Amino acid sequence: MKIDKNLICRLYGGWIGKVIGVIHGANTEGWTYEKIGRVFGEITTYPFFFRRFAADDDINGPLFFQRVLLDHGNVDVGSCEDTFLNYVSDGHGFFWWGGYGVSTEHTAYKNLVSGAKTGTSGTRMLNGKVLANQIGGQIFSDCWGFLNPGNETQAARMAATMASVTHDEDGLEGARFISGAIAAAYDSKSVIEIFERAFALLDPGSGYASMARDVWNYCNTNPDSWRSAFAYVSEKYGYQHYQGVCHIIPNAAVIVLSLYYGGGDFSKTINIANMCGWDTDCNVGNLGSILGVYNSIHGIDPSWLGMVNDFICASSSMGYLNIQTVSDAAMLSLRLISKLYDCPLPRGWSEAAKKNEGQLFHFFFPTSTHSVATRSGDGVPVKLENISKMDKDGNIVKSGLGIIVPMIENNQGFSIFYNSYYTPGMFDDNRYLPDLSPKIYPGDTIAASFSTKDCGRIRLTPFFKDRISGRIFQMEKESVLVEGCSDFELRFRIPSSRNIIVEEIGWTVLACNVAARETKTDLSLTLKSVEIIDSPSYSMDCGRIPTEVWTAVDTCPAGFSYLRGAMEIDEALSFSSCYLPTELYTGNTNWRNIAFEASFIPNSGNQHYVLFSVQGSSRSFLAGFENECFVVKKKASRGYSTLFSTQFAWRHGEKAVVRVELKDKNACIFANGIRIACLDGLETGGCIGFANEKFSNTSVLEYSVESI
């Protein structure tokens, strides 16, 4: 295998096709063919338009399941279960939590946290036939096709292994079919070839295989009307024949007929699937992946791209990873392909892959924007256009995001900005309840590379916006005055701060002398790259943290995500647990050398901790009070191992201070100013947070993070 321009463009096309498909079908999910026809007639574009699209389970699954290779290096049942538990919060976000015995994923999660034996959590033997054959095995398997270009056999094996955590029987067949079709789409000459290669992966005795061949044959004998094919599917494979909330067979039949009648055209295929109804976001999302890879990004009509703006909002347990771009997801997939198949990345890509995940905006993927946007109080029209170029081998020849202004006059301006954080009011929906941590923190440095050409004289001034106060801070001392043709870097550091959540960073562009008096002219500049260099330096009075209200029953402290538990902001950040641990997380998964200090009051119960080096809800370290001791533990997979324990006197209702200093692979830990332990050889990197368990209540008064 060779990673070249063709592969890269198909990979990015697949990822953006998945996101487009999910958005396209999101607001008609569960609608019938008849209802969609009455309301919309012939669908040719998005039936609904979102300001921003919030998290969806169809995107969460492939986005985080591919991380099994990042975290474990292999795809076996045990590592897949660990990955599932690591990124899934208990009872909120990620999946549809419809109840044990109702939602397949909810049932599998409860099986795992209750101690189910490895390899049994999704089986028919444990959960029954109805749950085993629901749609989830199919809709979360796109990533395995993305990661195995042209190798549908390996894609199907990986997909079925991951899907077995939650599904069985036809649930696994759907995982094989979808992942195999995506893998085959990299080098197939037609959708007929895609279908046949994916079909060959199925158990010929399965109900899934029988349906797929039957529907395909019907389409072949009735090639002119997808509507007659859907009538056939509706009668023979409709929901009336199957139990459960969302069975895999009816929806897989829609995928087969849409693949056939779409004829390889991206828009036609996803529109047909959306007009069929049933589980539209799932079906259209899977088809978007297949057709996105098949056509590559260049075969997707640009009209689909604007509403996406390269943005992904997710709802895993890790708030930092819940703000991503399609480019981030595709870049991780590209790194994993390189590792899986031992093939080098082309020039430019190899250098980008060395940077911390999510901290470099390189604009290498055609059409990518990394969610950068613009606005103007002066009404200046601004257009963003990706201008990157690769040679046929995938080497980067040119890179950047073009910023084109057709009309501007002196003393007019606009802003280029990136959202480091989002609030519920920025979205039109919240079905999968994303809890978010900022991508940028006080102390971080933003290094942006620009170029200008015949722009006259303009001034660029960095700024950042605070979520808590709503203030915009202009960094006047870091502004630059640029004239004519110039290549330059504009670097600024967000100052060390107290009680600030960085919601937005950006640059104001002011036209100082671009044309003669009262004359409008055009203006263009290029944002070549942006790098976030993390060096956190901030403190937080927890009573000042806003509460993000997604629904009346799902709220979260701003900047935090959580595993489970009850929490509220009053004069402090207070949280309580039942028997299982309550855990809250904030910060950057890339943080390495930091000092983290927290002041808290153990109100009741006997287990109160700070968390550090958090890489997920089952990969972290904790330090704090447990019964009459101070302990340090490592959390991995489904349990804890004690690294250190000593007798320590602490009292309910009295403030305690715990400090953790992380340097390289060493951790020095202090309690109430006393050095308690220094531990070597730890994997010390990740987010921070707080935890308690076994009917405890804790109030965190303040905390601080400082780079060492």
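Modeller: Start with a definition. Ala, Val, Leu, Ile, Met, Phe, Trp, Tyr, Cys and Pro count as nonpolar, while Asp, Glu, Lys and Arg count as charged; the others, Gly among them, are polar. Keep in mind that this is a predicted model.

Biologist: Then apply the classes. How do the residues lining the second largest cavity divide?

Modeller: That lining has 13 nonpolar residues, 2 polar ones and no charged ones. The cavity holds about 90 Å³ of space. It is lined by 15 residues, and the closest to its centre are Tyr-441, Ile-501, Tyr-538, Met-540 and Tyr-703.

Biologist: How many cavities of 30 Å³ or more does the structure hold?

Modeller: First the idea. Rolling a probe the size of a water molecule over the atoms shows where empty space is left. Here there are 7 cavities of 30 Å³ or more. The largest cavity has about 140 Å³ of space. Met-331, Ala-352, Asn-356, Glu-357 and Gly-358 are the closest to its centre, out of 14 lining residues.

Biologist: Which helix gives the largest share of that lining, and how many residues?

Modeller: Helix H19, residues 326-340, with 4 residues. By class, the lining of the largest cavity has 5 nonpolar, 5 polar and 4 charged residues. Set that beside the second largest cavity, where no charged residue takes part in the lining.

Biologist: Now strands. In which sense do E18 and E34 pair?

Modeller: Read the pairing from the bridges. Strand E18 (residues 537-541) runs antiparallel to strand E34 (residues 697-707), with 5 bridges between them. To fix the register, take one pair: Ser-537 has Glu-706 of E34 as its bridge partner.

Biologist: How many bridges join E34 to E25?

Modeller: There are 10, again antiparallel, with E25 spanning residues 594-604. In that pair, Ala-598 is matched with Tyr-703 of E34. You have met Tyr-703 already, among the residues closest to the centre of the second largest cavity.

Biologist: And how many bridges join E23 to E34?

Modeller: Strand E23, residues 573-576, is joined to E34 by 4 bridges and runs antiparallel to it. Phe-575 has Thr-698 as its partner there. E23 also pairs with strand E22 (residues 566-569), antiparallel, over 4 bridges. Ile-569 of that pair is bridged to Leu-573 in E23.

Biologist: What joins E22 to E23?

Modeller: A hairpin of 3 residues makes the link. Look at Ala-566, which lies in E22.

Biologist: What is the relative accessibility of Ala-566, and how does the residue count?

Modeller: The cut-offs matter: buried means under 20%, exposed means over 50%, and partly exposed is in between. Ala-566 has 43% relative accessibility, so it counts as partly exposed. Leaving aside neighbours within four places in sequence, Ala-566 contacts Ser-574, Phe-575, Ser-576 and Thr-582. For a longer span, take Ala-649, 83 residues away along the chain: its C-alpha atom is 27 Å from that of Ala-566.

Biologist: What is the strand order in the open sheet of 7 strands?

Modeller: The order is E21-E24-E33-E26-E27-E28-E29, with antiparallel pairing. Strand E21 (561-562) and strand E29 (639-647) are the edges, each pairing on one side only. Inside that order, E27 (residues 619-626) and E28 (residues 629-636) are antiparallel over 8 bridges. Ala-623 stands opposite Val-632 of E28.

Biologist: On to helices. How many residues of H6 are buried?

Modeller: Helix H6 covers residues 104-113, and 8 of its 10 residues are buried. Among them are His-106, Tyr-109 and Leu-112. The buried residues of H6 pack against helices H5 (77-87), H7 (124-127), H8 (129-132) and H9 (136-139). After H6 comes Gly-115, with a positive phi near 100 degrees.

Biologist: Last point. How many disulfides does the structure hold?

Modeller: A disulfide is a covalent bond between the sulfur atoms of two cysteines. The count here is 0.

Biologist: Why is there no bond from Cys-343 or from Cys-485?

Modeller: Check the distance against the cut-off, which is within 2.5 Å for a pair of cysteine sulfur atoms. The closest cysteine sulfur to that of Cys-343 is in Cys-9, 16 Å away, too far for a bond. For Cys-485 the closest is in Cys-455, at 7.6 Å, also too far for a bond. Their settings contrast: Cys-343 is buried at 5% relative accessible area, whereas Cys-485 is exposed at 54%.

Terms used
Residues are numbered from 1 along each chain as its sequence is written. This is a predicted model: local features need pLDDT of at least 70, side-chain atom pairs count only at pLDDT 80 or more; totals for chains, interfaces and linings use all residues. Side-chain values use heavy atoms; hydrogens and water are left out. Two strands pair if DSSP finds at least two bridges between them. Helices (H or I, at least four residues) and strands (E, at least two) are DSSP runs, numbered from the N terminus. On a 1 Å grid over the protein atoms alone, a cavity is a set of points where a 1.4 Å probe fits but cannot get out, and a pocket is an open set with protein on both sides within 12 Å along at least five of seven lines; lining residues have an atom within 4 Å of a point. Grid points are joined across faces, edges and corners, and a volume is the space filled by probe spheres set on the points. Buried means under 20% relative accessible area, exposed over 50%, partly exposed in between (1.4 Å probe, protein chains only). Contact means heavy atoms within 4.5 Å.
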